[in-house]
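Trainee: I've got a new structure open and no idea where to begin. Can you walk me through it?

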Amino acid sequence: MDTDQALDYIRANHKAVLATLKKDGTPALSPMTVGVDAGGHVVISTRQTAYKVRHIRRDPRVWLCVLPEGFFGDWVQIEGRAEIVDLPRAMDGLIDYYRSISGEHPDWDDYRAAMEREQRCLLRITIAKAGPSVRG
């Protein structure tokens, strides 16, 4: 599977499990909602205070297993490096993330306020390797 095929799959399937590395080298797994930005990065909205953000600040390597809505069926695994984009620079990316997954928000001012209140950031993952693509 190549990167473009993985990105096409992720554009249509938004449920995933993200793996980061804890300080002791063991994996930390987190269920996530994922999207793809215009630059071909996998993107995730999370809180700046989340453990996964601390793990990525220390070691940017990440692994992601993207699953279909019903859990069983085709799935894709990727590995790559994550960049953390903090507010205020993250706001446009957070809006694009929402739109790519859920469409238009009924109140963008409310959405922006919630992103600030929740101290959101954007994880932007550059794919280094994609695959396998498996049916299970």
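Mentor: Sure. Let's begin on one side of helix H4, where Asp 109, Glu 116 and Arg 117 are exposed. Keep in mind that this is a predicted model.

Trainee: Okay, and which residues of H4 are buried?

Mentor: Those are Trp 108, Tyr 111, Ala 114 and Met 115. Looking down the axis of H4, you'd find these buried residues within an arc of 115°, so they line one face of the helix.

Trainee: What goes on at the N-terminal end of H4?

Mentor: Asp 107 caps it, with a side-chain oxygen 3.1 Å from the backbone nitrogen of Asp 109. Just after H4, Gln 119 has a positive phi of about 55°.

Trainee: Back to Trp 108 and Tyr 111. How far apart are they in the helix?

Mentor: Helix H4 covers residues 108-117, and the two are separated by about one helical turn because they are three residues apart in it. Both are buried.

Trainee: How many aromatic pairs are there in total?

Mentor: The count comes to four. In one of them, the ring centres of Phe 71 and Phe 72 are 4.9 Å apart and the planes are at 85°, so that pair is edge-to-face. Trp 108 and Tyr 111 also form an edge-to-face pair, with 5.3 Å from centre to centre and 80° between the planes.

Trainee: Which residues make up the cluster with Trp 108 and Tyr 111?

Mentor: Tyr 98 joins those two, and the three form one aromatic cluster.

Trainee: And Phe 72, is that buried or exposed?

Mentor: Phe 72 has a relative accessible area of 63%, so it is exposed. Phe 71 counts as partly exposed because its relative accessibility is 49%.

Trainee: Where does Phe 71 sit?

Mentor: It's in the turn of a hairpin formed by E4 and E5, which have six residues between them. Phe 71 has a positive phi of about 80° there.

Trainee: How many bridges join E4 to E5?

Mentor: Six, and the two strands run antiparallel. One of the partnerships puts Arg 61 with Arg 81 in E5.

Trainee: Which strand pairs with E4 besides that, and in what sense?

Mentor: Strand E1, residues 15-21, pairs with E4, residues 61-67, in the antiparallel sense over five bridges. Ala 19 stands opposite Trp 63 in E4.

Trainee: Tell me about Arg 81, then. What is it in contact with?

Mentor: Leaving aside neighbours within four places in sequence, Arg 81 is in contact with Pro 60, Arg 61, Val 62, Arg 124, Ile 125 and Thr 126. Arg 81 belongs to strand E5, which spans residues 74-86. It counts as partly exposed because its relative accessibility is 49%.

Trainee: How far is the C-alpha of Arg 81 from that of Asp 59?

Mentor: The C-alpha atoms are separated by 8.7 Å, while the residues are 22 apart along the chain.

Trainee: New topic: what about helix H3, how many residues does that have?

Mentor: H3 has 12 residues, numbered 91-102, and reaches 16 Å from its first C-alpha to its last. That is close to the 16 Å expected at 1.5 Å a residue.

Trainee: Which residues of H3 are buried?

Mentor: Met 91, Leu 94, Ile 95 and Tyr 97. Down the axis of H3, its buried residues fall within an arc of 155°, so they line one face of the helix.

Trainee: And what comes just after H3?

Mentor: Gly 103, which takes a positive phi of about 85°.

Notes
Residues are numbered from 1 along each chain as its sequence is written. This is a predicted model: local features need pLDDT of at least 70, side-chain atom pairs count only at pLDDT 80 or more; totals for chains, interfaces and linings use all residues. Side-chain values use heavy atoms; hydrogens and water are left out. Helices (H or I, at least four residues) and strands (E, at least two) are DSSP runs, numbered from the N terminus. The expected span of a helix is 1.5 Å times one less than its number of residues. Buried means under 20% relative accessible area, exposed over 50%, partly exposed in between (1.4 Å probe, protein chains only). The arc is that of the directions from the helix axis to the C-beta atoms. Contact means heavy atoms within 4.5 Å. Two strands pair if DSSP finds at least two bridges between them. Rings of Phe, Tyr and Trp (its six-membered ring) pair if their centres lie within 6.5 Å; planes under 30 degrees apart count as stacked, over 60 as edge-to-face and the rest as tilted. A polar contact is a pair of N or O atoms within 3.5 Å; within protein, one must be able to donate a hydrogen and the other to accept it, and residues adjacent in sequence count only if both atoms are side-chain atoms.
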